[in-house]
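Please look over the sequence and the model shown here before reading on. The report that follows takes up the interior, then one helix, and then a part of the surface.

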Amino acid sequence: MTRSPSEPAGDAAFGKEPAAPDPSSRGGGDIFPPAFGQVGPTTHGPAPAGVPRTGTGEPPLIDTAFVPVRVSGQEPASSPVPEFDPRDYEAALPRPAPLEAEQFMPVLRPPQFAELLGDLTGQLQLVEDDATRAALTTRGRLLRLNLEQYTVNFEVTRQTLTRVLAETGVGVRDAWTRQQEHLRFMNAASGGVERDYVSAGREIEQAREERFDTLSLYGARPDTPSAEALYQQLALAQLAQEGQPIRPPEEKSGSKRVFNGFAVFSKFFVGVISGVSINLLFNPESRLYLTLIALTAGVMFSVLLLWLVDELSYRAKAAQFTARMGRPWQYITGIALVSAVYLGVEGFLNWDGILRVTQEIAANAAQQGQLTDLSDAGDAPSAPAHWSLLAFTLGLVAMAVGAAVIQGRERARTVLERERLAARVAVLKAGQEHAPAARAADHVAYLEDARDRLAPPRDVTSPDHARLNERVLGHWEQERDAQVQNLSAAIVRDARQLQDALEEFAAQVLEARFPKPRRGLFR
């Protein structure tokens with residue numbers, strides 16, 4: 001903006017007296033140049049009032065109307081700083097116009113069809129034939145009813161489309177600001193859960209520090225996860241101090257696994273041997289069903305007897321430390337009797353069966369003439385000796401019985417040590433001497449469970465959440481498009497039918513008004 005040369009400059013423009021120049025400053029005081037467009041003073045002419053002479057004689061470049069003048073004893077007025085609004089610096093997002101129902105109804109409105117029908121019915125009075133006019137009048141009334149029904153369908157479709165677009169279209173894709181507000185709301189809603197989650201994490205860390213200090217005082221491992229594990233550690237330590245250490249289980253060692261596999265295999269292998277002996281003894285003709293019965297009987301006999309030996313061995317070991325059980329020697333006697341019966345039955349079956357088969361083989365060979373002289377036996381024993389095979393069979397049976405005894409005693413030892421450990425743990429729990437350490441050990445687990453029950457904080461601005469929003473919005477859009485297409489197709493079909501009926505009615509009216517002349521032979 002420029003000021004005319006006749007306007008006062010500086011404070012004179014605001015009705016104030018110009019400030020007196022400071023003689024101590026260079027050039028004779030403060031410099032207040034004239035306004036833009038004012039001719040500056042020369043070196044030979046006098047300077048205007050309130051404007052000092054410049055050495056160059058050029059007009060000043062600063063308008064005094066925009067130069068703040070400090071009055072003595074008064075501070076310059078500070079301009080108000082606008083508040084910072086982060087929404088002013090957000091990226092500009094597209095704001096599409098809201099969808100309207102008429103955009104998806106490519107049909108004529110009912111008044112347009114009503115105007116056409118009114119024009120056609122107005123022409124009916126020009127029809128000369130009474131019968132044709134009456135028929136066309138009835139046809140026009142029916143078309144009037146069809147038009148009323150089309151009007152009703154049109155309004156219902158428009159209202160339904162408006163509702164569909166409001167539910168699935170306008171409420172979701174109306175503007176991107178709606179989605180941004182939703183994201184802000186979700187962030188604000190998950191902020192409280194996030195604060196609770198962080199607070200729970202801090203409490204867990206504090207509880208872990210307390211557990212470390214407390215368990216270190218009691219001599220347990222600082223990373224003990226629960227009170228039950230703490231009591232078991234203390235019980236094991238006390239039993240070791242008393243000279244009754246509990247051996248760890250040996251199921252993970254290779255030799256133990258091999259032994260257990262051999263013990264199980266021996267029961268079935270000896271049973272198969274017993275079944276073969278029974279088959280040789282009672283099935284000389286080698287019938288298939290008798291063979292299966294003999295093998296099954298042998299396996300069942302062997303497994304049951306060896307299981308009985310295992311159970312008796314377990315009871316003999318457990319009776320030494322368990323009340324209300326029989327004497328250990330009774331179970332040991334039972335083991336001896338069962339083993340003797342087993343060895344006797346196996347020895348008889350093997351000896352008798354193998355001897356009989358051998359004799360049958362010799363008789364068959366003699367009948368076929370493969371033996372030179374059967375009567376030239378001399379002083380040889382009548383029955384061949386099979387002591388080596390019998391000893392081998394009885395040795396296998398004895399090994400299977402021994403493996404069953406060892407398994408029973410090992411199972412009893414494991415059970416007894418577990419019971420002794422449980423009893424010492426119960427004594428420690430009843431003493432209440434280690435309650436603070438147990439509470440500190442369990443406190444961490446309780447806090448972790450409480451934190452897990454909280455919903456984890458979600459970053460709703462993450463790409464995953466954005467993709468989820470897009471999938472949800474896409475589903476809503478597909479549902480909206482399907483409904484809109486069905487409604488649009490229905491109203492278009494109704495409009496097409498009404499238009500075809502009106503076109504046909506117009507053709508009938510036109511034909512009735514202007515009938516084609518019938519030219520006869522003499523016309």
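## The largest nonpolar core

In this predicted model, the largest nonpolar core holds 25 residues, and those touching the most other members are Val107, Leu136, Tyr150 and Phe505. Two or more residues of this core come from each of the helices α1 (110–122), α2 (130–173) and α10 (463–513), and it is α10 that gives the most, with nine residues.

Leu136 can serve as an example of how such a member is surrounded: leaving aside residues up to four places away in sequence, Leu136 touches Leu124 and Val127 as well as Phe505, Gln508, Val509 and Ala512.

## A second core

Separate from this core is a second one, made of 15 residues, and among them are Leu305, Leu306, Ala319 and Tyr331. In soluble globular proteins, nonpolar side chains tend to be buried together.

## Helix α4

Helix α4 covers residues 227–241, and its 15 residues reach 21 Å from the first C-alpha to the last, which is close to the 21 Å expected at 1.5 Å a residue. Buried positions in α4 are Ala227, Leu230, Tyr231, Gln233, Leu234, Ala235 and Leu239. After α4 comes Gly243, which has a positive phi, near 85°.

## A nonpolar patch on the surface

At the surface, Val272, Val276 and Leu280 make a nonpolar patch of about 200 Å². Leu280 belongs to helix α5, which runs through residues 254–282, and Leu280 counts as partly exposed because its relative accessibility is 31%, a value that lies between the limits of 20% for buried and 50% for exposed.

Methods. Residues are numbered from 1 along each chain as its sequence is written. This is a predicted model: local features need pLDDT of at least 70, side-chain atom pairs count only at pLDDT 80 or more; totals for chains, interfaces and linings use all residues. Side-chain values use heavy atoms; hydrogens and water are left out. Patches are made of residues with over 30% relative accessible area and no salt bridge: like charges are joined within 9 Å, nonpolar side chains (Val, Leu, Ile, Met, Phe, Trp, Tyr) within 5 Å. Accessible areas come from the Shrake-Rupley method with a 1.4 Å probe; for residues, only the protein chains shown count as cover. A salt bridge is a side-chain nitrogen of Lys or Arg within 4 Å of a carboxyl oxygen of Asp or Glu. Helices (H or I, at least four residues) and strands (E, at least two) are DSSP runs, numbered from the N terminus. Buried means under 20% relative accessible area, exposed over 50%, partly exposed in between (1.4 Å probe, protein chains only). The expected span of a helix is 1.5 Å times one less than its number of residues. A nonpolar core is a set of buried Ala, Val, Leu, Ile, Met, Phe, Trp, Tyr and Cys residues joined through side-chain atoms within 4.5 Å. Contact means heavy atoms within 4.5 Å.
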